[in-house]
Amino acid sequence: MPRTFDPLKNTRNYALSFYKLYTPIRDAMPTIPSLESQGNRPLQMSFEEHLKALIFFHLQEHTSAQHLLQALEEDDFARSEIAPKGGIKKSSFSEATNTRGLEQFMHIFEHVQKQASRILPNCHPGLGELVAIDGSLIDATLSMQWADYRKGAKKAKTHIGFDLTRGIPRKLFFTNGKGAERPFVTQILSPGETGVMDRGYQCHDTFDRWQKEEVLFLCRIRAKTKKTIIEVHPVAPGSIVFYDAVVLLGTAGVNQTKTPLRLVGYEVNNVRYWIATNRHDLSAEQVAASYKLRWDIENFFAWWKRHLKVYHLIARSEHGLMVQILAGLITYLLLAIYCHEQHNEKVSIKRVRQLRIQIQNELRSAPLSAKTVYDFKEHNCQNLYAKT
């Protein structure tokens, strides 16, 4: 059942749609770490103004910081509900993004993620808590020296845990483009959750360690991996599953696993998949179904990049890019909650476009008196830029 919406006291009627989207953040504000100016100059933009600006950036598919700043100055809705009352200059916006607010953005992300986990339904309850784990590269500029990748190319990398049962991101880590992915598995997973991973995470020593630490996993392995069979399980006739056994992986004395694990093979569209796992409670068909859900994280990355413009750089520092990525994740979580509560649907570009249009329609239908008050305030703020 949708939560009751209680608009902010200073919210105008023509901002209701945006604040319905924004509502999950309000509960986190009283506990957020305070943000203080690092010098004698007062903050030009509060954290909440910064947060709203970046949500607006992703929601409206802006392609650069300059695009966002122009909207904050010229778009009626953005000037009224998003931008600081005195406006914001490029240098002040850049300073806010690249040097502060990271702790606060992480606080909001964790809070909204927990809300989304409670609100959104578990679409695959029989499979347990499944978390896809993968890394995604972000093209960086050559001036971003910290984004080490290879000669002539700079890249950063996000390491994301994606809740497959609810279809939302749940944890984030950030490195340069050469950052290893396997170490983040145990940092992303909580007890009882199962990590679902592609072949890049295959490592027999790591499989042994995960089993010793009782970390649950399903990991695709290379087809040519040597298998020493310990116990064979029967396979149902006509199933996509063609193999189910307890095995040791690798070559004895070289790279063989010390602890036996389960190996399930299945075939889809003439492609064979081999899944190593320590989930013995699932049927072989459920193991196959669980791994097929891993493609949801690929779809998420593609949708996120295309429709929220998350990887269009508005920062060059490691700090600033992390702020940008967190803001993109927060925006997606807000959309997931909004689409579920308003339409009982998953996030889609159709509903995002509908929300954008609704915001503009509400502005157009605002009472003349509200617009007159806004225009008067805007006229008196034309020569101001510093927020005191």
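I count a residue as buried when its relative accessible area is under 20%. I'm working from a predicted model here.

**Entry 1: aromatic pairs**

I searched the whole structure for aromatic pairs and got 21. I picked out Phe207 and Phe217, which are stacked, with 5.1 Å centre to centre and 15° between the planes. This pair ties together distant parts of the chain, as Phe207 belongs to helix H8 (residues 204-212) and Phe217 to strand S6 (residues 216-221), 10 residues apart. By the cut-off above, Phe207 and Phe217 are both buried.

Next I pulled up Phe300 and Trp304, another stacked pair, at 5.1 Å centre to centre with 25° between the planes. Both residues are in helix H10 (residues 295-308), and the four residues separating them make about one turn of the helix. Are Phe300 and Trp304 buried or exposed? Phe300 has a relative accessible area of 2%, so I put it down as buried. Trp304 comes out at 0%, so it goes down as buried too.

I then asked which residues form one aromatic cluster with Phe300 and Trp304. The members alongside them are Phe162, Phe301, Trp303, Tyr311 and Tyr332.

**Entry 2: charges over rings**

I looked at two lysines here. The charged end of Lys52 sits over the ring of Tyr22, and I read 5.3 Å to the ring centre. Lys227 lies over the face of Trp274, with 4.5 Å to the centre of the ring.

**Entry 3: strands S7, S8 and S9**

I went to strand S8 (residues 241-249) and checked its burial. Eight of its nine residues are buried, so I take S8 to be largely enclosed by the rest of the structure.

What does S8 pair with? I found strand S7 (residues 227-232) joined to S8 by five bridges, in the antiparallel sense. For Val232 I noted Ala245, in S8, as the bridge partner. I also found strand S9 (residues 261-268) running antiparallel to S8, with six bridges between them. There, Val241 has Tyr266 of S9 as its bridge partner.

**Entry 4: helix H11**

I turned to helix H11, which covers residues 318-343, 26 residues in total. How far does H11 reach from its first C-alpha to its last? I have 37 Å, close to the 38 Å expected at 1.5 Å a residue. I checked burial as well: 21 of the 26 residues are buried, so H11 is largely enclosed by the rest of the structure.

**Entry 5: two asparagines with positive phi**

I stopped at Asn344, just after H11, where phi is positive at about 55°. This residue is not a glycine, which is what made me note the value. Asn344 sits in the loop that runs between H11 and helix H12 (349-364). Is Asn344 buried or exposed? Its relative accessible area is 61%, so I list Asn344 as exposed; the cut-off for exposed is over 50%.

I made a similar note for Asn269, a residue other than glycine whose phi is positive, near 55°. Where does Asn269 lie? I placed Asn269 in the loop between S9 and strand S10 (271-277). Its relative accessibility is 70%, so Asn269 counts as exposed.

Notes. Residues numbered from 1 in each chain as written. Predicted model: local features only at pLDDT ≥ 70, side-chain atom pairs only at ≥ 80, totals over all residues. Heavy atoms only, no water. Expected span 1.5 Å × (residues − 1). Buried < 20%, exposed > 50% of the residue type's maximum accessible area, 1.4 Å probe, protein only. Pairing = 2+ DSSP bridges. Phe/Tyr/Trp six-rings, centres within 6.5 Å; stacked < 30°, edge-to-face > 60°. Lys NZ or Arg CZ within 6 Å of the ring centre and 35° of its normal.
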